[in-house]
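Please look through the structure shown here. The report below takes one strand residue, two helices, the empty spaces and the whole chain in turn.

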Amino acid sequence: MGRSGRVTLSDVAEASGVSRATVSFVLNDDPRQTISGATRQRVLAAAHKLGYVPHGIARALREGSSRIVVLNVDEGLEGNFSRSYVLGLDEELAAHDHVLLVRHGHTAPEATQKILDTIVPRAVLRLGEVYMREHGPIEEDWENGFAANAALQIGHLAERGHTRITMAMPDHDFPLTEARLGFAREAARRLGLPPLERLVVPRPREAGAVAVGAFRAAHPDVTAVAAFDDDIALRTLTALRDLGLRVPEDMAVIGFDETEHGSLTTPALTTVHIDAEALGRLAARAALGIDSEGLTPVRGRIVVRASV
């Protein structure tokens, strides 16, 4: 046994009469290595007899959890916000000797629980979870949080003379759908604007054009669209073009949570860029119980292009 009293790979190698590398290949089930069945069985038998435990699992048993933090990213949250958030979270965890595991999209509860039981994570996070709760945003959110970015979007339209605004929404619920709409409506109220209308822009393309055309007929006084995200904004731009309407002359359109695609369309999409790296770092420190002094969220900014 090693000096720490823990059974090591070298102990297993000596007991099974093979090299340390061979033991590693067997225990890690390395598909690139061809090892005979007899050798594999000898190594596994030795490891079992000695009570060998991989270092990461042994540390998890000592500490009560592994040094893995799990982040669940729901469908519909794949934008600059999530990318920069993951970057900050990953780098901050790495700086404190932890590893990030990101799971995207819908996940079955049974599969999730199996993973959690296997890796015993230090923490399990959900992107945007704080905004999915029933209570509204705290006042601090209107300074540099998600609510502030929603207000930035509505404010940009208001500054350019638009008072009748609609919020373009996806045709199925994402985790932050109602929160985004609520923030936008509150931002309009604070600016003294009439209540925001709601416009659902569905797929496919033809259905989107029908929906936008019907909305225009019912609300001819609306002059601007604030979209749930850049994807919905681009659907709206396409629908308006299919209807023979001009952007921004007949209808202004602004996206949210900048993606590259918005810069490639005609007209190029005005949008809100969100840098969430600091939020990711704050989440990492909170998960590890580390002081967050010196870290401040960065407020979003308008990317001015041609659609407003």
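## A strand residue: Asn72

Asn72 sits in strand E1, which covers residues 68-73. The model is a predicted one. Is Asn72 buried or exposed? Its relative accessible area is 18%. The limit for a buried residue is under 20%, so Asn72 counts as buried.

Which residues does Asn72 touch, leaving aside those up to four places away in sequence? The contacts are Arg103, Val124, Leu125, Arg126 and Leu127.

## Helix H3

Helix H3 runs over residues 37-50, 14 residues in total. At 1.5 Å a residue, H3 should span 20 Å. The C-alpha atoms at its ends are 20 Å apart, so the model agrees with the expected span.

Thr39, Val43, Ala46 and Ala47 are the buried residues in H3. Viewed down the helix axis, the buried residues of H3 fall within an arc of 100°, so they line one face. An α-helix has 3.6 residues a turn, so residues three or four places apart point the same way. The buried residues of H3 pack against helix H1 (9-16) and helix H2 (20-27). Ala38, Gln41, His48 and Lys49 are exposed, on the other side of H3. Gly51 follows the helix, with a positive phi near 75°.

## Helix H12

Helix H12 takes in residues 277-288, which makes 12 residues. The expected span, at 1.5 Å a residue, is 16 Å. The end C-alpha atoms of H12 are 17 Å apart, which agrees.

Which residues of H12 are buried? They are Ala278, Gly280, Arg281, Leu282, Ala283, Ala284, Arg285 and Leu288. Two arginines, Arg281 and Arg285, are thus on the buried list. The cover over the buried residues of H12 includes helix H5 (80-95) and strand E3 (123-126). Gly289 comes just after H12 and takes a positive phi of about 70°.

## Cavity and pocket

Rolling a probe the size of a water molecule over the atoms shows where empty space is left. How many cavities of 30 Å³ or more are there? The count is one. The largest cavity holds about 50 Å³ of space. It is lined by 11 residues, and those closest to its centre are Phe81, Asn144, Gly145, Asn149 and Leu279.

The second largest pocket contains about 400 Å³ of space. Its lining has 24 residues; Gly76, Leu77, Glu78, Gly79 and Asp229 are the closest to the centre. Which element gives the largest share of that lining? Helix H11 (residues 230-242) does, with four residues.

## A loop residue: Asp221

Asp221 is in the loop between helix H10 (205-218) and strand E6 (224-227). Its relative accessible area is 39%, which makes Asp221 partly exposed. Thr163 is 58 residues from Asp221 in sequence. In space, the two are 9.3 Å apart, C-alpha to C-alpha.

## The whole chain

The protein has 12 helices and nine strands. Of its 308 residues, 46% are buried. The protein exposes about 15800 Å², and carbon and sulfur atoms supply 53% of that area.

How much of the contact set spans long stretches of sequence? Among contacts between residues at least 6 apart in sequence, 73% join residues at least 24 apart.

Conventions
Residues are numbered from 1 along each chain as its sequence is written. This is a predicted model: local features need pLDDT of at least 70, side-chain atom pairs count only at pLDDT 80 or more; totals for chains, interfaces and linings use all residues. Side-chain values use heavy atoms; hydrogens and water are left out. Buried means under 20% relative accessible area, exposed over 50%, partly exposed in between (1.4 Å probe, protein chains only). Contact means heavy atoms within 4.5 Å. Accessible areas come from the Shrake-Rupley method with a 1.4 Å probe; for residues, only the protein chains shown count as cover. The expected span of a helix is 1.5 Å times one less than its number of residues. The arc is that of the directions from the helix axis to the C-beta atoms. On a 1 Å grid over the protein atoms alone, a cavity is a set of points where a 1.4 Å probe fits but cannot get out, and a pocket is an open set with protein on both sides within 12 Å along at least five of seven lines; lining residues have an atom within 4 Å of a point. Grid points are joined across faces, edges and corners, and a volume is the space filled by probe spheres set on the points.
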